[in-house]
Amino acid sequence: MITLTHFLVVSACIFCIGLYTVIAKRNAIMILVGIELMINAAILNLVAFGKYDKLNYSGQIFALFAIVLAAASVAVGLAIILNVYRHYKTINPDNITDLRD
Amino acid sequence: MQDINVQLPNLLDQVIQSIPYFKAELALIFAFLGSILATLFVDKWWKHGSFVITLTGIIISFILSTQQLGAPQNGFFGMLIVDNFSVYARGILLLALLLCVVFIQQHFRNKKFSKNLGDIYSILLTAGLGLNILTMTSNWLLAFIAIETVSISSYILVGFFSENKKQAEASMKYVLFGSVSAAVMLYGLSLLYGFTGNLDFTSFEHIQGLIEAPKILLSLALLFMFSGIGFKLSFVPFHVWAPDVYEGAPTPVTAFLSTVPKIGALVLLARLFEEWTSSSFYFSELVLVLVSVAAIVTMLVGNLVALRQTNIKRMMAYSSIGHTGFLLMALIANLASEPQVLLFYIAVYTIMNLAVFGLIDVLEQKTGSAQLESYQGLGRQFPILFTVFTLLGISLVGLPPTAGFIGKLFVFSSVFDLFQFNNNKYYLILLIVGALTSVISLFYYFKIPLFAFLRKGEEVKVAYSKSAQLVYIISILLGISTLVLGIFPSILLSLFK
């Protein structure tokens, strides 16, 4: 029997993996992958909770919108990273430090 | 499935009835579509086509939203709240957006590049749409969609031109930081939904669920949720993107980023704050403590770091972080008073910031630099400009007789009333830090007249650019209006009644 707890544990794990990826990876595209993992953890949560909200299904609807918005922001993110690569010939955020105090 | 079929005509009727509440936003949507089409087809023959459509769209939206004044209503099953607070906020927001569109058009008028400027206007319109929705919702779904709409539009605004390395870097930092905080916020919202089963944060179920939720998980969810709003408002510790992005982006885009998105996020937070801090349960205390601590730390960090900046745009970035702290304090003051205190401060902040960035843009076009040292001795060449600049500095510090003083006075007196009412030590610390940081800010704002009037510098060859004229006039007028509003604050206050 798979209960709500199982879903929550899985999503918490995915969220932590995503957060680790964002913090540890030295590549802007891997950071985008990490962000995607974090969003998917949240979507899993929303769908799992939505099962108990039979009245208006707001969890499922929220999940759908979150998927669309995630796709949009990743598309913009990739375009911007491509642009950075044109200027710097690298996408390691550690090497791109013209702006700092 | 059966009961859905029965309900469906009913639901559709309700949706159709709600559409008139959305007409100000519909105007923006149509202007968005129109400006895309104009960019593709009209701009070849008449290069101002998309610009004019954008301006018309914003003005129509402004007129339509002012018509909603005085008739509080709910639309789309309570997802859309049309009350006076949102009408005023949208008024300020749309006027600021209008000025930003003009600034951007003027800034890029004489520059040549391969990209089409019309796209920027349509992106500005989507940002305005998202912000409008943000001011009129208490539903997490709509709030999240609106925040993401504004964020994605802002990423494009910063990254679109990318004439040099700095702009590309700024846009990458912005998009990565922004997406991470949006993802964290989404996770926090999913937890909040799990506790309560309802996405409307003013609803009874939502507050009931928050009262019953386990404390540790609730604290985590609230922290996550605040990271998303904090990113848009750029309060500490979610401020690290702001100086880099403000410095890297083209100056009129910085003028947009430092004012307009903050209005929307602040109104959302004000609704949330008012609804959630009225009870004496754990989550109310937690929200109050979180906002107070964020306000205190933000004021301190913003103003202290601004002291050692040499680039004027970076300095103004830290100054606007410091002002965010003060805006959060105005949010707390909002508990004790009418919303007009908060609205007054927002309006004054918007005027001051737009004017300052307008003047920075003018100087950047004339001298080609945004470094403070490059202003040496310029006071003799541009006496009016630097007099107004100094006046704006005085207003940003909050000294009389300017509008900044009146705004700060209202906030301080409201927070003091709150302190006398319930003796919460956070209010006292807020008052002390607010006063202290205002004094600190004196030191860096007065660097501008110091360099311009007192230091001797080389005579700078001024590139005569016609494009700066309109921005110059608008900024001077805004600067004078801070003085007028400082002497007659009732003009604005009676408007917000």
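**Chains A and B: a predicted two-chain model**

Student: Among the elements of chain B, which has the lowest mean pLDDT and which the highest?
Tutor: This is a predicted model, in which local features need pLDDT of at least 70, side-chain atom pairs count only at pLDDT 80 or more, and totals for chains, interfaces and linings use all residues. Residues are numbered from 1 along each chain as its sequence is written, while chains are lettered from A and ligands numbered from 1 in the order in which they are written. The pLDDT is the predictor's confidence in each residue, from 0 to 100, and helices (H or I, at least four residues) and strands (E, at least two) are DSSP runs, numbered from the N terminus. Among the elements of chain B, the lowest mean, 80, belongs to helix H1 (residues 2-18) of chain B and the highest, 94, to helix H3 (residues 49-67) of chain B.

Student: What is the mean pLDDT of chain B?
Tutor: In chain B, 97% of the residues reach 70 or more. The mean pLDDT of chain B is 89.

Student: Which element of chain B gives the most to the side that touches chain A?
Tutor: Two residues are in contact if their C-beta atoms, placed from the backbone, lie within 7 Å. The contact takes 34 residues from chain A and 33 residues from chain B. Helices H6 (140-161), H7 (165-196) and H10 (241-248) of chain B each give two or more residues to that side of chain B. With 20 residues, the most comes from H7(B).

Student: Which elements make up chain A, and in what order do they run from the N terminus?
Tutor: Chain A has three helices and zero strands. From the N terminus on, the order in chain A is α-α-α.

Student: What radius of gyration does chain A have, against that of a compact globule of 101 residues?
Tutor: The radius is taken over C-alpha atoms, and the globule rule is 2.2 Å times the number of residues to the power 0.38. The C-alpha trace of chain A spans about 50 × 25 × 25 Å along its principal axes. A compact globule of 101 residues would be near 13 Å, but chain A has 17 Å.

Student: How far apart are the end C-alpha atoms over residues 30-49 of chain A?
Tutor: An unreviewed UniProt entry lists residues 30-49 of chain A among its "transmembrane region" features; such annotations may be inferred rather than shown by experiment. Over residues 30-49, chain A is 100% helix and 0% strand. The end C-alpha atoms of that stretch are 29 Å apart.
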